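Grab the viewer and work through these exercises with me. Each one has a task, then a solution in steps.

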Amino acid sequence: MRKLGLLALAAVAFLGITSSANAATALLQTNDFVGISFWLVSMGMIATTVFFFAERGTVAASWRTSLTVAGLVTGVAFVHYMYMREVWVSTGDSPTVYRYIDWLITVPLQMIEFYLILAAVRKVPTSIFWKLLIGSLVMLIGGYLGEAGYIQPFVGFVIGMAGWIYILFEIFSGEAGTMAAKAGNKAMATAFSAMRIIVTIGWAIYPLGYIFGYLTGGVDANALNVIYNLADFINKIAFGLVIWAAAMQNTRLSSR
Ligand SMILES: *C/C=C(C)/C=C/C=C(C)/C=C/C1=C(C)CCCC1(C)C
């Protein structure tokens, strides 16, 4: 099982290396700070992916799926970043709409994490899983249709915001939030509230980018990409690390 995991990781890394070798004609300029930020985030993503899969075997069994999913989030983002940074380096642009391809997979996976960390310490109804999943799909599909021009940008924004607000309600005062408060597991509760802060503050960057990019007169593409890259770094890597920390703490407690 572990060998298989390592083999999969090697394949992902190889994919990364070969795809960057193909881009040999366009080199990263030393003063291209946006390009450098794409590279930094790519490397951060692959490093945390390897870390989560390597750590998976060391935590208590009930926490393993959470770490697997955390590794999938950064792993998918890594592959996607390899592509986005290649496009950036060769064209000097990175269409925001590309980011939705990654979000469509990673955001629902992150929503599932709320369910998984609850399920690691207590019995939880699967309705939590479905509610968060549907909320994230409404948010992303609304945003995509608006950004890609299928519907009015403002309408897309309103639909997207509705999905996000629903998620926030659910994790603060809905079923998920109530269960986390009542679970009586300190490490899990700490992780749950840190993840909640990320989903509130860290995620706010994306609708702000949408407002500045599509609803006001437009925004500097360089600044927007750096901001999105930084946001992804926090929202994917830190998000996973918070889960890992809770898993470690619970593992130590249960082996005592
Ligand atoms: C790793 C990537 C993450 C966590 C991406 C998150 C994306 C969002 C929270 C996007 C939110 C949006 C709204 C709340 C309304 C407008 C449309 C979106 C999709 C930009």
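A salt bridge here is a side-chain nitrogen of Lys or Arg within 4 Å of a carboxyl oxygen of Asp or Glu. This is a predicted model, where local features need pLDDT of at least 70, side-chain atom pairs count only at pLDDT 80 or more, and totals for chains, interfaces and linings use all residues. Residues are numbered from 1 along each chain as its sequence is written, and side-chain values use heavy atoms, with hydrogens and water left out.

**Exercise 1. Get the overall layout.**
Task: Work out how many helices and strands the protein has.

Solution.
- Step 1: Look for DSSP runs, numbered from the N terminus: helices are H or I with at least four residues, strands are E with at least two.
- Step 2: Count them up, and you get nine helices and zero strands.
- Step 3: Along the sequence that reads α-α-α-α-α-α-α-α-α.
- Step 4: Now check burial (buried means under 20% relative accessible area, exposed over 50%, partly exposed in between, with a 1.4 Å probe and protein chains only). Of the 256 residues, 45% are buried.

**Exercise 2. Trace the salt-bridge network.**
Task: Find out which salt bridges link R99, D102, D232 and K236 in a network.

Solution.
- Step 1: Recall that side chains of opposite charge can pair when their charged atoms come close.
- Step 2: Start with R99 and D232, whose side chains form a salt bridge at 3.5 Å, N to O. R99 sits in helix α4 and D232 in helix α9, so this pair ties together parts 133 residues apart in sequence.
- Step 3: Move on to K236 and D102, joined by a salt bridge at 3.3 Å, N to O. Here K236 is in α9 and D102 in α4, so parts 134 residues apart in sequence are tied together.
- Step 4: Add the salt bridge between K236 and D232, at 3.7 Å, N to O. Both lie in α9, four residues apart, or about one turn of the helix.
- Step 5: Check the accessibility. R99 counts as buried at 1%, D232 is buried at 1% too, and K236 is buried at 3%. D102 is buried as well.
- Step 6: Zoom out: the whole structure has five salt bridges.

**Exercise 3. Explore the ligand's surroundings.**
Task: Which helix gives the largest share of the shell around the ligand?

Solution.
- Step 1: Pick out the residues near the ligand (a heavy atom within 4 Å of it). There are 17 around it, and the closest are Y100, W103, M139, W203 and K236.
- Step 2: Ask how much of the ligand is covered: the protein covers 100% of the 520 Å² of accessible area that the ligand has on its own. Those areas come from the Shrake-Rupley method with a 1.4 Å probe; for residues, only the protein chains shown count as cover.
- Step 3: Sort the shell by helix. α4 (96-121), α5, α6, α8 (186-215) and α9 (221-255) each supply at least two residues.
- Step 4: α4 takes the largest share, with five residues.

**Exercise 4. Look at the outside.**
Task: Which residues make the nonpolar surface patch?

Solution.
- Step 1: Patches use residues with over 30% relative accessible area and no salt bridge; like charges are joined within 9 Å, nonpolar side chains (Val, Leu, Ile, Met, Phe, Trp, Tyr) within 5 Å.
- Step 2: The patch of about 440 Å² is made by W130, I134, V138, V155 and I159.
- Step 3: α5 (127-147) and α6 (153-172) each supply at least two of its residues, and α5 gives the most, with three.
- Step 4: Take I134 in α5: at 48% relative accessibility, I134 counts as partly exposed.
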